[in-house]
Amino acid sequence: MSVSSATSPWPALPADAWTATRETLHRWTQIVGKTRLALSPMLNHWWQVPLYVTPRGLSTGPMPYAAGSCEVVFDFRQHTLRVHTCAGRSLEMELYPRSVADFYRHYRALLREAGIAVRLWPVPVEVEDVTPFAEDQHHNAYDAAAVGRFWDVMLSVDRRLHEFRARFTGKCSPVHFFWGSFDMAVTRFSGRPAPPHPGGLPHLADWVTRESYSAEQIAAGWWPGGNGQEAAFYSYAYPALPELATAKVEPAEAFYSSEMGEFFLPYEAARMTTNPQQAVLDFLQSTYAAAADLAHWDRAALERP
C-alpha cells in the first residue's frame, strides 16, 4: 500500500466523517492491546496495558513471551500491522477495509506463526456493542486517509502531552493511548491515597476503575470523539472537586461540564486558534493548576521551576 504523508499537524477531524472507521479501528486496537494485557506483568493503575505513540503509529512496546521479547506495531503511514520478535521474526498484515472477525483471525494466525502463545479476552470493553471479535462482521471499515489525519493529530497531541509531563517531578504516568476508551492520557499524582472509586462506569468493571483511581490524581488527555460528540481535550481531578465548576481556565474556548465533572477544550476550537500548540498547553496547565490549588497539592515539591 502506498505511504501516506503528513499534511497538517492539526488537521480537521469531524467525528461523523469517519465513524465507521473509528469504530472498527477501536476494536482492532483493543485486540492488540489485550495481547499486552495478557503478556505483561501487572503495574499500578494498569500502566502495563496501554499502547504508545511512535513515529510510525502505535506500539505495544516490548512484551515478554516464552522465547524472550516481542512487539506489535500499527504502522499508520504504510497501513500495516507488524509483529516483531527478539528471535528475528517480522511478520505483517495489511490494514484495509476488513471485518473485525477477519482482522482477529489473521492477527491470531500471525501470533501463532511468530511463536507467541497468548490467551486473549475475546470481547471488546468500554463500548455499547460487545459482539465477540470472532463474530464481528459489521465493523469492517478502514478509510486510510481518515486514519492518517487521526494519526497526524495523535503526533501533535503526544508532543504537547510530553511537554506538559516534563514540568512535573512527582509521580506521573507515561503519556499513553488507552485502547479501552480510545484516548490519549497523562496523569499526575499528589502522592496521597484516594478514597475507593464508587464504580458504576458503563461497560467497565468496578475493580478495574478502583485500581485506576486508587491514588489522588489530576488527569488530562485527548479523545477523538464519537457517540455524537466531537473530538476534545479534557482534564479532570479525582477525587472530584465540585468547586472546579467556577475556576477560571485558559484558553477562552475551554469550559467546564457539570454533567461530566471535567474541563473540555473542543479540538476544532483549539486547532482554529492562532497558536494551537500554546492553546493546548495553556489548557493543560491552567486546568491542572486550578485543581491542584483546590486540592491543596504541594506544588512547590511536585513541579519543575
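This passage walks through the domains, one sheet, two helices and the salt bridges of a predicted model.

Start with the overall layout. The protein splits into two domains, with domain 1 running over 15–114 and domain 2 over 144–301. Their C-alpha centres sit 24 Å apart. The two domains do touch: 30 residues of domain 1 are in contact with 36 residues of domain 2.

Next comes the sheet built from strands 7 to 12. Six strands make up this open sheet, and going across it the order reads 7-8-9-10-12-11, with antiparallel pairing. The edges are taken by strand 7 (176–178) and strand 11 (255–257); each has a single partner strand, so one side of each is left without a neighbour in the sheet. Averaged over the sheet, neighbouring strands are turned by 30° against each other, direction ignored. One of the pairings involves strand 10 (residues 232–238) and strand 12 (residues 262–266), which run antiparallel to each other and are linked over four bridges. Within this part of the sheet, phenylalanine 233 has leucine 265 of strand 12 as its bridge partner. Packed on the sheet is helix 3 (residues 144–165), which touches strand 7, strand 8 (183–193), strand 9 (215–223) and strand 10. The direction of helix 3 makes about 20° with that of strand 8.

Two other helices can be checked for length. Helix 1 (residues 19–39) has 21 residues and should span 30 Å at 1.5 Å a residue; its end C-alpha atoms are 31 Å apart, which agrees. Helix 1 is also mostly covered, as 16 of its 21 residues are buried. Helix 6 (residues 276–294), with 19 residues, reaches 27 Å from its first C-alpha to its last, close to the 27 Å expected at 1.5 Å a residue. After helix 6 comes histidine 296, which has a positive phi, near 60°.

That leaves the charged side chains. Side chains of opposite charge can pair when their charged atoms come close. With a cut-off of 4 Å between side-chain nitrogen and carboxyl oxygen, the model has 13 salt bridges. One of them joins arginine 77 to aspartate 152, at 2.7 Å from N to O. Arginine 77 lies in the loop between strand 4 (68–75) and strand 5 (80–85), while aspartate 152 belongs to helix 3, so this pair ties together parts that are 75 residues apart in sequence. Both ends of this bridge are tucked away: arginine 77 counts as buried at 8% relative accessibility, and aspartate 152 counts as buried at 4%.

Another salt bridge brings together the side chains of arginine 98 and aspartate 102, at 2.9 Å from N to O. Here arginine 98 is buried, its relative accessible area being 5%, whereas aspartate 102 is partly exposed at 21%. Buried means under 20%, so aspartate 102 falls outside that class. A further pair, arginine 299 and aspartate 293, meets in a salt bridge at 3.0 Å, again N to O. In this case arginine 299 is partly exposed at 23% relative accessibility, and aspartate 293 is partly exposed as well, with a relative accessible area of 45%. Finally, Arg56, Asp75, Arg82 and Glu92 are joined into one network by salt bridges that share partners.

Methods:
Residues are numbered from 1 along each chain as its sequence is written. This is a predicted model: local features need pLDDT of at least 70, side-chain atom pairs count only at pLDDT 80 or more; totals for chains, interfaces and linings use all residues. Side-chain values use heavy atoms; hydrogens and water are left out. Two strands pair if DSSP finds at least two bridges between them. Axes are lines fitted to C-alpha atoms, for helices over the stretch in contact, and angles run from 0 to 180 degrees between N-to-C directions. Contact means heavy atoms within 4.5 Å. Buried means under 20% relative accessible area, exposed over 50%, partly exposed in between (1.4 Å probe, protein chains only). The expected span of a helix is 1.5 Å times one less than its number of residues. Domain bounds come from an automatic or database domain assignment.
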